[in-house]
Structures are given as C-alpha cells and as structure tokens.
Amino acid sequence: MSRKDRDEDPLDAVLRPPNDESPEQAAVREAREAEARRVSASIDADIRAERLARRKKRIVRLLLLGQSESGKSTTLRQFQRLYTPTAFRAERILWRAVIQLNIVRSIRTILDALDPATPASASIRRRRPSAGPASASMLALASPAPPHALPTADITEVDRYASYAYPATGYDSPGVDSDGDVDSDPGSGAEGPAPSHSGGTFRFAPPPVPVPAYSGAVEALRQRLLPLRHVEALLIARLVPAADLDSAPTRLDRGAGVTGGVPLPLPSHSQTDFAGGGEVFVRPGMRWKVLSPREKEKERARSRSRDRGKDEAQEALHTACGAMRALWGDAAVRAVLRKRKIRLEEGPGFFLNDLERVTAPNYLPTDDDVLRARLKTVGVSEYTFEMEVATGRETGTEWRIVDVGGSRSQRATWIPFFDDVDAIIFLAPISGFDQVLSEDRTVNRLEDSVLLWKAVCGNKLLASVDLVLFLNKCDILARKIAAGVKLARYVRSYADRENTFEAVSSYLRTKFMAIHRECSPNPRKFYAFCTSVTDSATTGGIIASVRDMVVRQHLKQSKLL
Ligand SMILES: Nc1nc2c(ncn2[C@@H]2O[C@H](COP(=O)(O)OP(=O)(O)OP(=O)(O)O)[C@@H](O)[C@H]2O)c(=O)[nH]1
Ligand SMILES: [Mg+2]
C-alpha cells in the first residue's frame, strides 16, 4: 500500500501511532499489540479445536431459513416426528392450547369482518418504480428495511411481478375471489386506475367494500361468540406465562427431544405480540413447551377428563362449537369474507373445518394437527437431538437444527449462524405469489422469497455450504391454480404460458435454480424439491434424502479437516 493510500485509509489513520510517540510509549504500545495478537491467535485456535471436536463427535448442524410463514418450524417438527417420535408424541398435548388459540383467532377474524365498523382495508399501494438491480449482498439480510420503506429492488432475472401490493389479510388475491371469480372492483385489478402520487408512494383510496346484509340469526351467533375474546386472553396468558415475560433473554426453548443449546443474543422485541390483532409468538427463553413433569401430567389430565383437570378454554370452545360451526357454515358470512378477500382456509392454523373433533372435551392433537398449528417464531433456537434408536437410524450423530424467525425484523439475527453450518434448507412458499408480507403489505411474498434466496445464494460466508431448496406450500399452490388464480397476473413474464400446477411449479423452480447458478460464489451441491411440509406422507421421503445428504457432506468436511 502506498503512503498516499495509507493516508487516505480512514482505518489506518485511526490505528496509526501518534507522531510524537516517545520510545517508552512505543514499547508499551507494541507489547499491547503483541498481547492482542496472542489473544486473537488463541481464540482462533480454540475455534478450530472446537470445530474439529465437533466433527469428531459427529455433530451436524442444519439451518432453516426463509420468510415468515414459509414452513421452517413445521419442517423442524417433521424432523422431530420422524427421528424423535417418542418425544414428539409426548409433546402433542402441549399443542392443544396453540390450536385453541388458532381457532379463536379465526373466529375473531370472522367477527371483525362482520363488523361494519371494520375498515375495508388500509390503502392499496402501487410500488415505486424500481431503482436498480437487486442487491444480493449481506445488506439484504443485515439491514432489514424499515417498515415504511418501499421495495426498490429490480428482480428482472426472476421477473417483474405485477407491482400491486395488497392490504388486509395477507391472503388476498386481489381481483380474483377464492372461488375464482374475477372481482369487478376496478380498484383491485392489476390494471387499476391511475395512481395519485403521495410522498413517494402511489396510493389508491381504499375501495368501498359493501358488506352484504346478513340475517338476524348471524347477528345472534356473533353475540354468542363475543365472549371468546376472554378465551383468547386466557390462552395467551397460558402460552406466555408471566414468568417468561421476565425471563433472561439468552435462555433457550428446550422442548421435549431437545437436549441442549447455546445462549443466543436476541433482539429487543416485546415478548407478546397480540395487542391489536398481531400474532402470538414463541421465542427462545419462553417456556411454553418446557413444562415440569407435574405440569405435563396436569395437561394430560386436562385432555383425559373434564372433571379431573379443568381446561377452561377447551370447555368454552366445546360449548361454543355449535355456534362456531353455524357461523363458519353460513352462506352470508362466507359472502362477507369473500368480499373482504379473507381466505382463512389458505392461511396458517386453520381448523374451522374440524371444529367438532378439535373442540371435543378429550381432544388430543394428532401428528397432523401439530404440523398444521401455527405459532410464530421470534429469535433463533437451536434444537439438539440424537435420532431415537427406534427410528432404525444410526445413532451417535448429534443433530443441531437451527430454526429462526423469518419476518423482516428477525433476519439480522441469522448471520451469526452462518458460520460452521453443514447445510441449509431454504423454504420458499411459492403459493404466496398473490400475497403480501404481513409485516409489510407493500411487498409481494414471492418477490421477498426471491430476494432472500439471492442473498443466501450470494452470501460469501455460505459459499461452501450445500443448499436445499424447498419450494413449499405446493398443496396451496395447486388449490389456487385449480380455483383459477392466474400466475401471469402477478408474474408478468409468465405471459400466456399454461396456468397449470405442473407448468407453474416447474417455471418457478427453474427461476430459483437459475438464481442459484448465477449468484453462488462457488460451485456446490444443490437440491430442489417441491414440498408441502404439512403432508407427512410426501415429506418423510424428502427429509430422509436431506438427512443422507447432510450426513455425507458432514463426513466429507470431516475428512478435509
Ligand atoms: N397447507 C400448508 N400449510 C403449510 C405448509 N408449510 C407450512 N404450513 C403452515 O403454515 C404455517 C406457518 O408455518 P411455520 O412453520 O410456522 O412458518 P415459519 O417459517 O416457522 O414462520 P416464522 O416462525 O414466522 O418464521 C403453519 O400453520 C403451517 O402448518 C405447507 O406446505 N402447506
Ligand atoms: Mg417458525
């Protein structure tokens, strides 16, 4: 480096010794620097030794990445179901409260939709014109865009999605009702009215939503179900015990089958996120699954008998079952939901078609129910387990699966886990092509997945990590396509290709694979699967392939070391 360069290097300017340094001061400084070098070298040696020990002990580490609601925690539950089945079964009862909360939330969504005072939607925004090529840099992960920021990334490689973003439920398919009818509301069509410009955002006035008149019987149901709000509060209190509100932020959620973990730094979010209709979430340190044996027995007793262990929430839901079924089955109510573009059945944690079964007093969640339940993750958790002998798998390998919160504000917490990982499963829910992020209703879900995928593929820290791509929620994608929702309406370059599930999924798969090819710094192993991770029958085989691949990669790395 020339003298001139050094002068211009701000770091060098800060580190350079002062010009008037005496020989004694120089000696002290040099001794200090030598000590710092020694400490640094010793830390490096410790890290290398730890890594080597980990390899020798056969610890494999798998990282689950993807946007919120992409299916990361569900994939983790599939691993638990397959390889620690005893622990998974023992835990099922604990999911009942989550399922109860999912039901209450669905009913509340309906009641809110029936309330004429509920606004139709916030605003419909048209995105600012793209400002340049997508950045595949770490910045995309390290600095989540502030909530008000509008997307500026150009995604020409994957295409330009129809630039509408839609408000309300997150399940919106603007312009197309769930039954496939094209909505005649001009404000919601892809070729809507000319936007008016306001502060960098193109806004449309919220379209009026004429709520169809519903009968006095529906109003009576509404009144009968209003007390469920109390059940909601009760469940939140149970899932987020007061003790957890004060828990040290470095403790881990250690569910059954989880034998340990590392303390992690956590972002400073509020512990509960339910005020104003947000989602309840679980984070490391929250003890909702960590019940003492006595508490677990109490939970089991609750499920066995109404008298022995009272489960107030289950009793309330059982009593309200008839009213809930009548509400969900009412044609006028469905019409209101359609008008408001609320499609509960495509959303997470949907149990309204199973009300009789799941509100029975002795209800015990099935494996399938646990996989379908929704509980948002905040923070990062490392789940450690060894495969149970009964699964017929080799034991002695310790698995560490890192599950992260996928919403935008959570993504900065991922980076410390990029070091020393054997493989990544990235989940891209391709059914989200007509949805927006719940944390930022100006961002199309598919576009967000594409940008995240680019950032992960292009990340230098992950250059030699094998990637597994789950193009997830294919079951919902298939249903949407069958209902007549057209991909070309949201992904313009899809143009007049056939709107079938096979054509759409293969097109999106090709696009994601191309990004991997173009953005990866080095060649590496890459696998892509179309998945529906809630479906155990199809997911079991896929997860077995991933397991074999990860173990192979781990052995290869061990030999290199
Ligand atoms: N129908 C269907 N539902 C799915 C699929 N994958 C996940 N889900 C459901 O989608 C919801 C969200 O899944 P999660 O696994 O909680 O998502 P996540 O990626 O962990 O989300 P965060 O914790 O917010 O980052 C859950 O209710 C799942 O049951 C799928 O392939 N098909
Ligand atoms: Mg999760």
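A quick definition before we start: UniProt positions are given in the numbering used here, and its annotations may be inferred rather than shown by experiment. Keep that in mind. This is also a predicted model.

Start with Thr377. The unreviewed UniProt entry places the feature "binding site" there. Where does threonine 377 sit? Threonine 377 is in strand 9. Is threonine 377 buried or exposed? Count the neighbours. There are 22 other C-beta atoms within 10 Å. The cut-off for buried is 20 or more, so threonine 377 is buried.

Now step back to leucine 375. Leucine 375 lies in a loop. That loop runs between helix 15, residues 367-372, and strand 9, residues 376-377. Leucine 375 has 20 other C-beta atoms within 10 Å, so this residue is buried too.

Both residues belong to a longer list. From the same unreviewed entry, the "binding site" annotation covers Leu371, Arg372, Ala373, Arg374, Leu375, Lys376, Thr377, Asn472, Lys473, Cys474 and Asp475. These residues are spread over 105 residues of sequence. They are spread in space as well, up to 22.7 Å between C-alpha atoms.

Next, a helix pair. Helix 6 covers residues 96-114, and helix 9 covers residues 228-239. They pack at an angle of about 145°. Their axes are 10 Å apart. The crossing is left-handed.

Which residues meet? From helix 6, we have Ala97, Val98, Gln100, Leu101, Val104, Ile107 and Arg108. Helix 9 brings Leu228, Val231, Glu232, Leu235, Arg238 and Leu239. By class, this contact has nine nonpolar residues, one polar and three charged.

Terms used:
Residues are numbered from 1 along each chain as its sequence is written. Chains are lettered from A and ligands numbered from 1 in the order in which they are written. This is a predicted model: local features need pLDDT of at least 70, side-chain atom pairs count only at pLDDT 80 or more; totals for chains, interfaces and linings use all residues. Helices (H or I, at least four residues) and strands (E, at least two) are DSSP runs, numbered from the N terminus. A residue is buried if 20 or more other C-beta atoms lie within 10 Å of its own, exposed if 12 or fewer, and partly exposed in between; C-beta atoms are placed from the backbone. Axes are lines fitted to C-alpha atoms, for helices over the stretch in contact, and angles run from 0 to 180 degrees between N-to-C directions. A crossing is left-handed if the near helix is turned anticlockwise from the far one by less than a right angle, and right-handed if clockwise. Two residues are in contact if their C-beta atoms, placed from the backbone, lie within 7 Å. Ala, Val, Leu, Ile, Met, Phe, Trp, Tyr, Cys and Pro count as nonpolar, Asp, Glu, Lys and Arg as charged, and the others, Gly among them, as polar.
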